[in-house]
Amino acid sequence: DDQIERERASQRLSGGCCALAAVYLMGKFYVANAGDSRAIIIRNGEIIPMSREFTPETERQRLQFLAFLRPELLGKEFTHLEFPRRIQPKELGKKMLYRDQNMNGWAYKKIEEDDLKFPLIYGEGKKARVMATIGVTRGLGDHDLKVFSSNIQIKPFLSCFPEVRVYDLTQYEHCPDDVLVLGTDGLWDVTNDKEVAGVVMEVLTSYEPNDPCRYTMVAQELVVRSRGVLKEQGWRLANDKLGSGDDISVFVIPLGGPGNYT
């Protein structure tokens, strides 16, 4: 992240990206995630999560705590408190549910002038945004990202530090149908873990266990199904729901070889 910051001036590059990495070392997989990509292991049909997404919703307490400690980062335009909906001026003096960095549940407070400011975290689910700008809270770059039509920097609220999870391959017997799937959010936006596992098993069973292209074909099928088919109404999935409009990258890594296939 520091290198990206140094090079952005000399190479005139802007923007940022998420990062998901898997390292195999001495019989163990180390999966590091900074962003909203996802990794899962499928072992004997069981789904084992190897990462979690970092979004304004999942990191609400970290973001609000930083804003509480350093209110100057909010530029006098935002409030670190969260309310069920945007507050209107006519509601001054009334009571409304709220929560802050110390709360998992909600409580009531009397609405004050400061509460009329735009919330630090706005929206829900995939529409949640930090300062109404960005929907992912960890990654690399974005050093120049600012709130629209302002000088308020977003970067202080973004973290480049990944969460790392470890999987010990020596603890289990793995067959060629056991895999590690790495995918960007373009896959997971429209396809859940169970659906991915279903595609994995469907494609793998149509190839011989010692056929090396079987894993590439799984990745290709996951991309194709998540993008959908281009119709008059846009890209559509088999169930006619909208296909993924984001970039889709998928890796399928075998955990076992043909030698121990039974």
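Modeller: Contact here means heavy atoms within 4.5 Å. The model is a predicted one, in which local features need pLDDT of at least 70 and side-chain atom pairs count only at pLDDT 80 or more, while totals for chains, interfaces and linings use all residues. Residues are numbered from 1 along each chain as its sequence is written, and side-chain values use heavy atoms, with hydrogens and water left out.

Colleague: Which residues is Cys-18 in contact with, leaving aside its neighbours within four places in sequence?

Modeller: By that cut-off, Cys-18 is in contact with Ala-34, Gly-35, Asp-36, Ser-37, Val-136, Arg-138 and Gly-139. Cys-18 itself lies in the loop between strand 1 (16-17) and strand 2 (19-25), where strands (E, at least two residues) and helices (H or I, at least four) are DSSP runs numbered from the N terminus.

Colleague: Why is Cys-18 called partly exposed, and why is Ser-159 called buried?

Modeller: Buried means under 20% relative accessible area, exposed over 50%, and partly exposed in between, with a 1.4 Å probe and protein chains only. Cys-18 has a relative accessible area of 27% and is therefore partly exposed, whereas Ser-159, at 11%, is buried.

Colleague: What makes the link from the side chain of Ser-159 to Phe-161 a polar contact?

Modeller: A polar contact is a pair of N or O atoms within 3.5 Å; within protein, one must be able to donate a hydrogen and the other to accept it, and residues adjacent in sequence count only if both atoms are side-chain atoms. The side chain of Ser-159 reaches the backbone nitrogen of Phe-161 at 3.2 Å, and at the start of helix 4 a side-chain oxygen of Asn-192 comes to within 3.1 Å of the backbone nitrogen of Lys-194.

Colleague: How do you know that the span of helix 4 agrees with what is expected?

Modeller: The expected span is 1.5 Å times one less than the number of residues. For the twelve residues of helix 4 (residues 193-204) this should give 16 Å, and because the end C-alpha atoms are 16 Å apart, the span agrees.

Colleague: Why are the buried residues of helix 2 said to be on the same side?

Modeller: The buried residues of helix 2 (residues 60-69) are Arg-60, Leu-63, Gln-64, Leu-66 and Ala-67. They cover an arc of only 160 degrees around the axis, so they sit on the same side of helix 2; the arc is that of the directions from the helix axis to the C-beta atoms. These buried residues pack against strand 10 (121-122) and strand 11 (129-130).
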